[in-house]
Amino acid sequence: MRPRGADSGADSVVEAVPAVLEGFTVESRLEVRLVEREDLLPLHAVDREVFGELAYPYFALRQLFDAHSGEILVARIDGRLCGYSLTMTSRTSDIGWFQGLGVVPGLRGHRIGRRLACDALTLLFEHGIQHVRLAVREENIVATNLYESLGFHRTSKEVDYFGSGENRVLMTCRLTQAIIRSWSAEVSSTPVRTVDVGAVAPDRADAPSTPR
Ligand SMILES: CC(C)(COP(=O)(O)OP(=O)(O)OC[C@H]1O[C@@H](n2cnc3c(N)ncnc32)[C@H](O)[C@@H]1OP(=O)(O)O)[C@@H](O)C(=O)NCCC(=O)NCCS
């Protein structure tokens, strides 16, 4: 059952936007770290803001936290949660899944998604993962561009996966020291800028092993 009170308690992260747009760089105010217990309510709010009806119910998020807290990163600006990434690994495989990535609409285009993805993939590499897979809705050009720019390439396509005419593509990336190094160089040298990001249908990079 969905726990009562799960919808309350999170401040609106979009309040951070005016300060960002008034000349502060996002990078100077951005913190990316592993999720903590206190992040769960704001994380739930952000997940709903990003994924709408596809958002995890609070209890599922809680279970993900219990099982994968070492694989969930949150991005915070001035202490307010504005994005997250989720990866999943198994002890018996060197293949990891990039399961989810989201940034609240008001703060997209500031390279927060890239930073989350780079940090999450670096963490996977540090834990011995050599291959990462993900699935993304074919029409999600922003996410696909991001993943391709990080070295992911398309391996296959599942036609009508999300319904008629709604395909998903599977992508994979081989993690190496060189690729990780190139990301850290890029993250530290890339200037932050403001762009106008159009609406993109959200999706989930759904791996088959989501615990319930
Ligand atoms: C995908 C998502 C996480 C990207 O986050 P973001 O912080 O806006 O992205 P960034 O600013 O870090 O941009 C990273 C890359 O995405 C691509 N991108 C960003 N905005 C884009 C746009 N308007 N058009 C095309 N590509 C774009 C570019 O490749 C960009 O790299 P660049 O800055 O070097 O050009 C964000 O759009 C989001 O939350 N979308 C909804 C949820 C979703 O689709 N998640 C992914 C599937 S699970």
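Strand 3 and strand 4 make a hairpin with six residues between them. Helices and strands here are DSSP runs (H or I over at least four residues for a helix, E over at least two for a strand), numbered from the N terminus. The model is a predicted one, in which local features need pLDDT of at least 70, side-chain atom pairs count only at pLDDT 80 or more, and totals for chains, interfaces and linings use all residues. Residue numbers start from 1 along each chain as its sequence is written.

**Around strand 3**

Strand 3 and strand 4 (residues 95–103) pair in the antiparallel sense over six bridges; two strands count as paired if DSSP finds at least two bridges between them. In this pairing, Thr87 sits opposite Phe98 in strand 4. On to strand 2 (residues 72–77), which also pairs with strand 3 in the antiparallel sense, over six bridges. There, Ala75 faces Gly83 in strand 3. The hairpin of strand 2 and strand 3 has two residues between the strands, and Asp78 takes a positive phi near 50° in it.

How enclosed is strand 3 by the rest of the structure? Largely, because eight of the nine residues of strand 3 (residues 80–88) are buried. Buried means that 20 or more other C-beta atoms lie within 10 Å of a residue's own; 12 or fewer makes it exposed, anything in between partly exposed, and the C-beta atoms are placed from the backbone.

**The whole sheet**

Strands of a sheet pair through backbone hydrogen bonds, either parallel or antiparallel. In this model, an open sheet of seven strands has the order 1-2-3-4-5-7-6, and the pairing is mixed. Strand 1 (30–34) and strand 6 (153–158) are the edge strands, each pairing on one side only. From one strand to the next, the twist averages 25°. At the strand 6 edge, five bridges join strand 6 to strand 7 (residues 168–174), and the two run antiparallel. One of the paired residues is Glu158, whose bridge partner in strand 7 is Arg168.

Zooming out, the protein chain has six helices and seven strands. Read from the N terminus, the elements go α-β-α-α-β-β-β-α-β-α-β-β-α. Of the 212 residues in the protein chain, 35% count as buried. Among contacts with a separation of 6 or more, 68% are between residues 24 or more positions apart; a contact means C-beta atoms, placed from the backbone, within 7 Å.

**Helices and core**

Helix 2 (residues 40–51) lies across strand 2, strand 3 and strand 4, running at about 80° to strand 3. Axes are lines fitted to C-alpha atoms, for helices over the stretch in contact, and angles go from 0 to 180 degrees between N-to-C directions. Helix 2 also packs against helix 3 (residues 58–68) at an angle of about 125°, with the axes 10 Å apart. That makes helix 2 oblique to helix 3; under 35 degrees counts as roughly parallel, over 145 as roughly antiparallel, 65 to 115 as roughly perpendicular, and the rest as oblique. The helix 2 side of the contact is Leu40, Leu43, His44 and Asp47, and the helix 3 side is Tyr58, Leu61, Arg62 and Phe65.

Nonpolar side chains tend to be buried together in soluble globular proteins. The largest nonpolar core here has 45 residues, of which Leu43, Val46, Val74, Cys82, Tyr84, Leu116 and Leu134 touch the most other members. Helix 4 (residues 112–126) gives the largest share of this core, seven residues. A nonpolar core is a set of buried Ala, Val, Leu, Ile, Met, Phe, Trp, Tyr and Cys residues joined through C-beta atoms within 7 Å.

**Some loop residues**

Three loop residues are worth a look, listed here with their C-beta neighbours.

| Residue | Loop | C-beta neighbours within 10 Å | Class |
|---|---|---|---|
| Arg111 | strand 4 to helix 4 | 22 | buried |
| Asp160 | strand 6 to strand 7 | 10 | exposed |
| Thr176 | strand 7 to helix 6 (177–189) | 12 | exposed |

Arg111 has a positive phi, near 70°, despite being a residue other than glycine. Asp160 is not a glycine either, and its phi is positive at about 60°. As for Thr176, it and Thr122 are 54 residues apart in sequence, while their C-alpha atoms are 9.6 Å apart in space.

Note on methods. Two residues are in contact if their C-beta atoms, placed from the backbone, lie within 7 Å.
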